[in-house]
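Trainee: Could we go through this one together, starting with the helix packing?
Mentor: Yes, let us open it and go step by step.

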Amino acid sequence: MASTFVNWIKSPAGRQYFFSTHFWGPVANWGLPLAAIADISKDPEMISGVMSPTLAGYSAVFMRFAWRVQPRNYLLFACHATNAAAQMVQCGRFVNYWYMGGREKAHPVSSRIEDAAGKVKEVATDATREVKTAV
């Protein structure tokens with residue numbers, strides 16, 4: 001098996017593949033999924049609620065392209081499948097953090113302070129409006 005692969009690499013077809021954009025394009029593109037995977041362990045407050053689903057959609061489009069192009073580009077397909085999966089994990093983390101109570105669990109005191117500050121701002125705005133109406 002290994003000798004077959006080595007023989008293929010040494011052949012003109014193998015050299016042509018490794019010196020083509022069919023190989024180097026996906027290799028360069030692996031930066032996207034690797035960055036997304038590295039970000040999975042970081043603070044979910046920094047996740048972009050717009051960029052993560054956009055990147056997942058982008059990867060879905062290019063997965064289809066990699067599958068439909070002839071010859072099929074399996075390396076590009078794997079790259080974008082990995083990126084789409086990692087971005088969907090990030091989307092899930094974003095929704096959990098901002099909409100499912102993850103933020104309150106992670107920062108119980110600061111979220112209460114921010115809620116109180118929002119209420120104080122509301123009261124101040126209402127009071128200002130009443131004073132302007134009275135004058």
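Mentor: What follows is a talk about two residues of one helix and the helices that pack against it.

Trainee: Before that, what should I keep in mind about the model?
Mentor: This is a predicted model, in which local features need pLDDT of at least 70 and side-chain atom pairs count only at pLDDT 80 or more, while totals for chains, interfaces and linings use all residues. Residues are numbered from 1 along each chain as its sequence is written, and side-chain values use heavy atoms, with hydrogens and water left out.

Trainee: OK, where does Gln-87 lie?
Mentor: Gln-87 lies in helix H6, residues 74–99, where helices are DSSP runs (H or I, at least four residues) numbered from the N terminus.

Trainee: And is Gln-87 buried or exposed?
Mentor: Gln-87 is buried, because its relative accessible area is 7%, and buried means under 20% relative accessible area with a 1.4 Å probe, protein chains only.

Trainee: Which residues is Gln-87 in contact with, leaving aside neighbours within four places in sequence?
Mentor: Those are Ala-36, Ser-52, Leu-55 and Ala-56, where contact means heavy atoms within 4.5 Å.

Trainee: How do the axes of H4 and H6 cross?
Mentor: The axes of H4 (residues 31–39) and H6 come within 8 Å and cross at roughly 30°; axes are lines fitted to C-alpha atoms, for helices over the stretch in contact, and angles run from 0 to 180 degrees between N-to-C directions. H4 is therefore roughly parallel to H6, a term that covers angles under 35 degrees.

Trainee: Which residues of H4 meet H6 there?
Mentor: From H4 they are Leu-32, Pro-33, Ala-36, Ile-37 and Asp-39, and the H6 residues they meet include Gln-87.

Trainee: Changing topic, is Leu-76 buried or exposed?
Mentor: Leu-76, also found in helix H6, counts as buried because its relative accessibility is 9%.

Trainee: What is Leu-76 in contact with, again without the neighbours within four places in sequence?
Mentor: Leu-76 is in contact with Pro-26, Asn-29, Phe-65 and Ala-66. The C-alpha atoms of Leu-76 and His-22 are separated by 8.2 Å, although the two residues are 54 residues apart along the chain.

Trainee: And at what angle do H3 and H6 pack?
Mentor: H3 (residues 21–29) and H6 pack at about 15°, with their axes 8 Å apart, so H3 is roughly parallel to H6.

Trainee: Which residues meet in that pair?
Mentor: Phe-23, Pro-26, Val-27 and Asn-29 in H3 meet Leu-75, Leu-76, Cys-79 and His-80 in H6.

Technical notes: Helices (H or I, at least four residues) and strands (E, at least two) are DSSP runs, numbered from the N terminus. Buried means under 20% relative accessible area, exposed over 50%, partly exposed in between (1.4 Å probe, protein chains only). Angles under 35 degrees count as roughly parallel, over 145 as roughly antiparallel, 65 to 115 as roughly perpendicular and the rest as oblique.
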